[in-house]
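Here are a few exercises on pockets and charged side chains, each with a worked solution. Have the model open and follow along.

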Amino acid sequence: MIKRLKIKKNSFFSNIKFYYWKTNNTAKQFPLLFNAAEKSDYPVPGLSKILSLNKNQQIEFCTTMTPQGLTFTEDYVLISAYCHAHSHHSVIYILDRISGIKLKTVVLPDFPHAGGLAYDPVHRRIWISNTNRNYAAVAAISLTELMKHKTKLAPISYQQKNILTDLPRASFLTYAKGHLYVGLFSLKSLGEFACYPIDEKGNLKQPTTKKFIESPYEKLTIPPKIQGLAIYQQYVIFSQSWGPKAGKLFIFDICAANDFSVLKEATKIIPTPPYLEQIWVEDHHLYALFESGAAEYQTKTPYIMNDVLRIDLKKLLTT
């Protein structure tokens, strides 16, 4: 059993930060989003510098680590990041879910963009978007192994890596109801996502007659520039962002929409600050991760988001 550290929140400073969020210029520019915002205590680590391994497996500071993926477990918040200069191993930050304090940094064995993280609570397994030559791939690490990993800055090993020939890249992913949803970011054309069932052992189900894993459903098209996907009740939510322009949340009613790439079928379109990355649904809240606090983007937008944003979905849907 994984032992959880008991760390208390500093509610005074948390409330001050929340007040600033609700009254600063960013909130005023994106009122639909921030009117549904609630207090969040998850600062994004490693924005100025973080220790990792370079290509020669030497320990050194990386000053261009860029946050990408976000997921929640019962006790922890996980954020993935990659080196924008492609000089250092990608990492996963592990934060205490109660306090938001970073407990440790786990170095990954390779250099993936790590654009998506997903937690399977049934099998307690972390999925990470990856690649394999011309195809998408997803890698997995058990939560137990992730938390047991103590060798300072020695890379952890993947327990499995699956090639997905349905997509050329795995740009983002999420977990919902026994399935892993894997999506493709496309800059100018429509993107795609496919859905893969997870078997009773926690592995992606293998086809009976072919070498590679295949989605049991046809690929679905989505708008361009999608960075994240989340499922909430009967809704599918996409995060869209590219460059310094405002991002967007597209909310589709699964029961009503025929085509997720047709924006007029969206139930809601919510403008967001730029550089929006992965989103994750937990209970009735949407958590949104931004990369605007990373060194590469700090000077490209006045709307810098150094913390994970927490949104009340019930309020957002009725706005």
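**Exercise 1.** Work out how the lining of the largest pocket divides into nonpolar, polar and charged residues.

*Solution.* The lining residues split into eight nonpolar, 10 polar and three charged. For the classes, Ala, Val, Leu, Ile, Met, Phe, Trp, Tyr, Cys and Pro count as nonpolar, Asp, Glu, Lys and Arg as charged, and the others, Gly among them, as polar. Next, look at who supplies them: strand E9 (residues 125-132) gives the most, with three residues. Strands here are DSSP runs of at least two residues, numbered from the N terminus.

A quick word on ground rules: this is a predicted model, where local features need pLDDT of at least 70 and side-chain atom pairs count only at pLDDT 80 or more, while totals for chains, interfaces and linings use all residues. Residues are numbered from 1 along each chain as its sequence is written, and side-chain values use heavy atoms, with hydrogens and water left out.

**Exercise 2.** Find the salt bridge partner of arginine 97, and say where the two residues sit.

*Solution.* Start at arginine 97: its partner is glutamate 282, with the closest N and O atoms 2.9 Å apart. A salt bridge needs a side-chain nitrogen of Lys or Arg within 4 Å of a carboxyl oxygen of Asp or Glu. Then place the pair: arginine 97 is in the loop between strand E6 (91-96) and strand E7 (102-107), glutamate 282 is in strand E20, and their positions lie 185 residues apart in the chain. Last, check accessibility: arginine 97 comes out at 18%, so it counts as buried, and glutamate 282 is buried too, at 17%. The cut-offs are under 20% relative accessible area for buried and over 50% for exposed, with partly exposed in between (1.4 Å probe, protein chains only).

**Exercise 3.** Which side chain of opposite charge is nearest to glutamate 277?

*Solution.* Glutamate 277 is found in strand E20. This residue is buried yet has no salt bridge, and the nearest candidate is lysine 300, 12 Å away. (Lys and Arg count as positive, Asp and Glu as negative; His and the chain ends are not counted.) Now see what surrounds glutamate 277: leaving aside neighbours within four places in sequence, its contacts (heavy atoms within 4.5 Å) include Gln68, Gln227 and Ser239.

Finally, follow lysine 300: its side chain meets glutamate 296 in a salt bridge (3.1 Å, N to O). Lysine 300 is partly exposed, at 41%, and so is glutamate 296, at 31%.

Note on methods. Helices (H or I, at least four residues) and strands (E, at least two) are DSSP runs, numbered from the N terminus.
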